[in-house]
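I opened the notebook to work through one model. My plan was to look up contacts, charged pairs and nonpolar groupings, and to write down what I found.

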Amino acid sequence: MAHINLLPWREEKRQERQQQFYVVMGLTLAFAILVFYVFTSYMNGLLDKQNQRNNYLQQEITKLDIQIKEIQDLEKKRDRLLARMRVIQDLQQSRPKVVKVFDSVVRTVPEGIHLQVLSREGDKLIVQGVAQTNARVSAFMNQLDKDPEFSESKLRVVQRTSTRDDAIRQFTLEVTESKPETNKEQ
């Protein structure tokens with residue numbers, strides 16, 4: 001029995017263990033690759049879902065931006081229409097004003113005054129005329145100030161045409177029209 005050699009058995013056992021090691025290593029590597037692939041696929045799936053959500057949100061934001069622009073355009077149109085309506089209302093309210101102004105001027109002109117030019121600049125009425133005396137011009141201005149169609153009168157110029165006592169006076173005065181009463185229904 002001295003001739004029994006145990007080395008080949010050990011060598012075979014070592015090779016067998018080495019093969020098992022390589023198989024386990026291969027299976028571990030395959031399992032690791034499989035886990036990495038599943039993990040990567042899962043993460044890519046989550047990423048794709050998030051990208052889809054982002055795209056959906058971006059599309060909805062674009063739609064809302066278009067609607068906001070349309071709303072802003074409509075608000076601008078509304079503001080323009082309201083401005084037009086205000087202008088039309090002002091014109092409607094001031095339409096009878098011209099007639100009332102002329103009627104008031106006729107009623108307030110005292111005897112001894114003759115009007116030559118009556119012009120309008122905005123809400124101011126420029127009156128040029130001739131009077132027999134300065135007192136008649138003053139009376140005319142007082143009557144204009146008392147009239148509800150006018151708010152203030154200012155004398156610009158009074159000139160005598162000659163140095164004689166019976167000389168006429170040429171005058172220019174400015175009268176501010178009163179504002180029409182507005183309805184506050186808005």
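The entries below go by topic.

**Ground rules**

I worked from a predicted model, where local features need pLDDT of at least 70, side-chain atom pairs count only at pLDDT 80 or more, and totals for chains, interfaces and linings use all residues. Residues are numbered from 1 along each chain as its sequence is written, and side-chain values use heavy atoms, with hydrogens and water left out.

**Entry 1: S151 and T176**

I began with S151. I found S151 in strand β3, residues 150-160. Helices (H or I, at least four residues) and strands (E, at least two) are DSSP runs, numbered from the N terminus. I then looked up exposure. Buried means under 20% relative accessible area, exposed means over 50%, and partly exposed is in between, with a 1.4 Å probe and protein chains only. S151 has a relative accessible area of 46%, so S151 is partly exposed.

Next I listed contacts, meaning heavy atoms within 4.5 Å. Leaving aside neighbours within four places in sequence, S151 is in contact with T176, E177 and S178. I also checked the C-alpha atoms of S151 and K179, which are separated by 8.5 Å. These two residues are 28 residues apart along the chain.

I followed the contact to T176. T176 sits in strand β4, residues 169-177. T176 counts as buried because its relative accessibility is 13%. Its contacts, leaving aside neighbours within four places in sequence, are D123, K124, F150, S151 and E152.

**Entry 2: salt bridges**

I counted salt bridges next. The rule asks for a side-chain nitrogen of Lys or Arg within 4 Å of a carboxyl oxygen of Asp or Glu. The count comes to nine. I looked at three pairs.

The first pair I took was E60 with K63, at 3.5 Å, N to O. Why are E60 and K63 separated by about one helical turn? They are three residues apart in helix α1. E60 is partly exposed, at 26% relative accessibility. K63 is partly exposed too, with a relative accessible area of 48%.

Then I took D147 and R107. Their closest N and O atoms are 3.9 Å apart. This pair links distant parts of the chain, 40 residues apart. D147 is in the loop between α2 (134-146) and β3, while R107 is in helix α1. D147 is buried, with a relative accessible area of 7%, whereas R107 is exposed, at 54%. I noted that D103, R107 and D147 are linked in a network of salt bridges.

Last came E174 and K124, with the closest N and O atoms 3.5 Å apart. E174 lies in strand β4 and K124 in strand β2 (residues 124-131), so this pair ties together parts that are 50 residues apart in sequence. E174 counts as buried, at 12% relative accessibility. K124 is partly exposed, with a relative accessible area of 29%.

**Entry 3: the nonpolar core**

In soluble globular proteins, nonpolar side chains tend to be buried together. I looked for nonpolar cores here. A core is a set of buried Ala, Val, Leu, Ile, Met, Phe, Trp, Tyr and Cys residues joined through side-chain atoms within 4.5 Å. Which members of the largest core touch the most other members? They are L125, F140, F150, F171 and L173, out of 14 residues. The elements giving two or more residues are α1, β2, α2 and β4. Helix α2 gives the most, with four residues.

I checked L173 in detail. Not counting residues up to four places away in sequence, L173 touches L125, I126, V127, F140, M141, L144, K154, L155 and R156.

**Entry 4: aromatic pairs**

Rings of Phe, Tyr and Trp (its six-membered ring) pair if their centres lie within 6.5 Å; planes under 30 degrees apart count as stacked, over 60 as edge-to-face and the rest as tilted. I found two aromatic pairs in the structure. F140 and F171 form an edge-to-face pair, 6.3 Å centre to centre, with 65° between the planes. F140 lies in helix α2 and F171 in strand β4, so the pair ties together parts that are 31 residues apart in sequence. Both F140 and F171 are buried.

**Entry 5: Y37**

I closed with Y37, which has its place in helix α1, residues 7-108. Y37 is exposed, because its relative accessible area is 58%.
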